[in-house]
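User: I would like to go through this model by question and answer, with the reasoning set out at each step. Could we begin once the sequence and structure are in view?

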Amino acid sequence: MFEDFDTKYTPKSLADIVFLNDSIKEQIEDCVSSAIGFPSSGINGIVLYGINGTGKSALSKILPNLIEQSRGGESANARFFNISVGGDNGASVIESIKTQASLMCIPYRYHYFVLDEVDNLRKETMLSLKNAMNVNTNNCIFIMTTNNLSALDRGVLSRSICLEFNKAEAVRWLVRCQSILSDFGVTNVANSDLVEIVDLCNGDIRKIMSSLKRLIVKNQRKVA
């Protein structure tokens, strides 16, 4: 029953993301549409920060295509990096980024570099990231996620739009949750009950989706 659940409900557009508030949603929309001239004025980074499970990584994966398509392209020339603890802590990644950033990005509008858990970079490597952001600034976009904003270098933060991704009020989840439940024929869950269920998940999308599955199974058992 849930074989394609993750594929179907993994965010594909900004409408699939539950934001902390409307202001953050508008800032993301303005970055995507270039209403604020992003990237420009030395700012070519987006930092998504907050607790685990709030959708930072999911958003970071779709932003390159959304930005490229808003500027008339089809798909983005994006490179994705998961920065792990240990090893060289991303030193080789940053050198690779510097090399790629210096190249022309035709036929694409921008080079896109997505760094998940960027706070795992060592201090000296973080300084190298700042330098990498200076290479071909107006033609490169850096999208970064972190659970620890204080670990990021001031120079990286100065070159970025920083957006908070922490626990959203449960009521902001109602439209998304009711839509998913409706796809499975579940239409008898009151908003007040759904708000209570979402609240118990403490903003963790993984737990929210798991709770929705339990509701669906419970409903189908009643029907049977």
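Analyst: The questions below concern a predicted model, and they move from one helix to pockets, loops and single residues.

User: How far apart are the end C-alpha atoms of helix 2, and what span should its 12 residues have?

Analyst: Helix 2 runs over residues 22-33, and its span can be checked against a rise of 1.5 Å a residue. On that basis the 12 residues should span 16 Å, and the distance between the end C-alpha atoms agrees with this, being likewise 16 Å.

User: Which residues of helix 2 are buried, and where do they lie around the axis?

Analyst: Taking buried to mean under 20% relative accessible area, the buried residues of helix 2 are Ile24, Ile28, Cys31 and Val32. They cover an arc of only 100 degrees around the axis, so they lie on the same side of helix 2.

User: Which elements are included in what covers the buried residues of helix 2?

Analyst: The cover is counted by contact, that is, by heavy atoms within 4.5 Å. Counted in that way, what covers the buried residues of helix 2 includes strand 1 (45-49), helix 3 (56-70) and strand 5 (160-164).

User: What is found at the start of helix 2, and which residue just after helix 2 takes a positive phi?

Analyst: At the start of helix 2, the backbone nitrogen of Ser23 has a side-chain oxygen of Asn21 within 3.1 Å. Just after helix 2, a positive phi of about 70 degrees is taken by Ser34.

User: What is the volume of the largest pocket, and which of its lining residues lie nearest its centre?

Analyst: The volume of the largest pocket is about 700 Å³. The elements that give two or more residues to its lining are helix 1 (5-9), helix 3, strand 4 (140-146) and helix 9 (205-223). Of the 30 residues that line the largest pocket, those nearest its centre are Gly55, Ser57, Ala58, Ile205 and Arg206.

User: How many cavities of 30 Å³ or more does the structure hold, and which residues line the largest cavity?

Analyst: The structure holds 1 cavity of 30 Å³ or more, and the volume of the largest cavity is about 30 Å³. The residues that line the largest cavity are Val18, Thr54, Asn166, Lys167, Ala168, Trp173 and Gly203.

User: Which residues does a cis peptide bond join in the loop between helix 2 and strand 1?

Analyst: The proline concerned, Pro39, has its place in the loop between helix 2 and strand 1. With omega at about 0 degrees, the cis peptide bond there joins Phe38 and Pro39.

User: What is omega for the peptide bond from Ile106 to Pro107?

Analyst: Pro107 is found in the loop between helix 4 (91-101) and strand 3 (111-116). The peptide bond that leads to Pro107 from Ile106 is cis, and its omega is near 10 degrees.

User: What is the relative accessible area of Glu117, and what is its phi?

Analyst: Glu117 is found in the loop between strand 3 and helix 5 (123-132). Its relative accessible area is 37%, so Glu117 is partly exposed. Although Glu117 is not a glycine, its phi is positive, at about 55 degrees.

User: Is Thr125 buried or exposed, and what separates its C-alpha atom from that of Ala91?

Analyst: Thr125 is found in helix 5, and its relative accessibility of 3% means that it counts as buried. Leaving aside neighbours within four places in sequence, Thr125 is in contact with Asp88, Asn89, Gly90, Ala91 and Ile94. Although Thr125 and Ala91 are 34 residues apart along the chain, their C-alpha atoms are separated by 5.6 Å.

User: How far apart in space are Glu196 and Ala101, C-alpha to C-alpha?

Analyst: Glu196 is found in helix 8 (residues 191-200), and with a relative accessible area of 52% it is exposed. Glu196 and Ala101 are 95 residues apart in sequence, and in space, C-alpha to C-alpha, they are 47 Å apart.

Terms used
Residues numbered from 1 in each chain as written. Predicted model: local features only at pLDDT ≥ 70, side-chain atom pairs only at ≥ 80, totals over all residues. Heavy atoms only, no water. Helix = DSSP H or I, 4+ residues; strand = E, 2+ residues; numbered from the N terminus. Expected span 1.5 Å × (residues − 1). Buried < 20%, exposed > 50% of the residue type's maximum accessible area, 1.4 Å probe, protein only. Arc of directions from axis to C-beta. Polar contact = N/O pair within 3.5 Å; in protein donor to acceptor, adjacent residues only side chain to side chain. 1 Å grid on protein atoms, 1.4 Å probe; cavity = no way out; pocket = protein on both sides within 12 Å on 5 of 7 lines; lining within 4 Å. Points joined across faces, edges and corners; volume = space filled by probe spheres on them.
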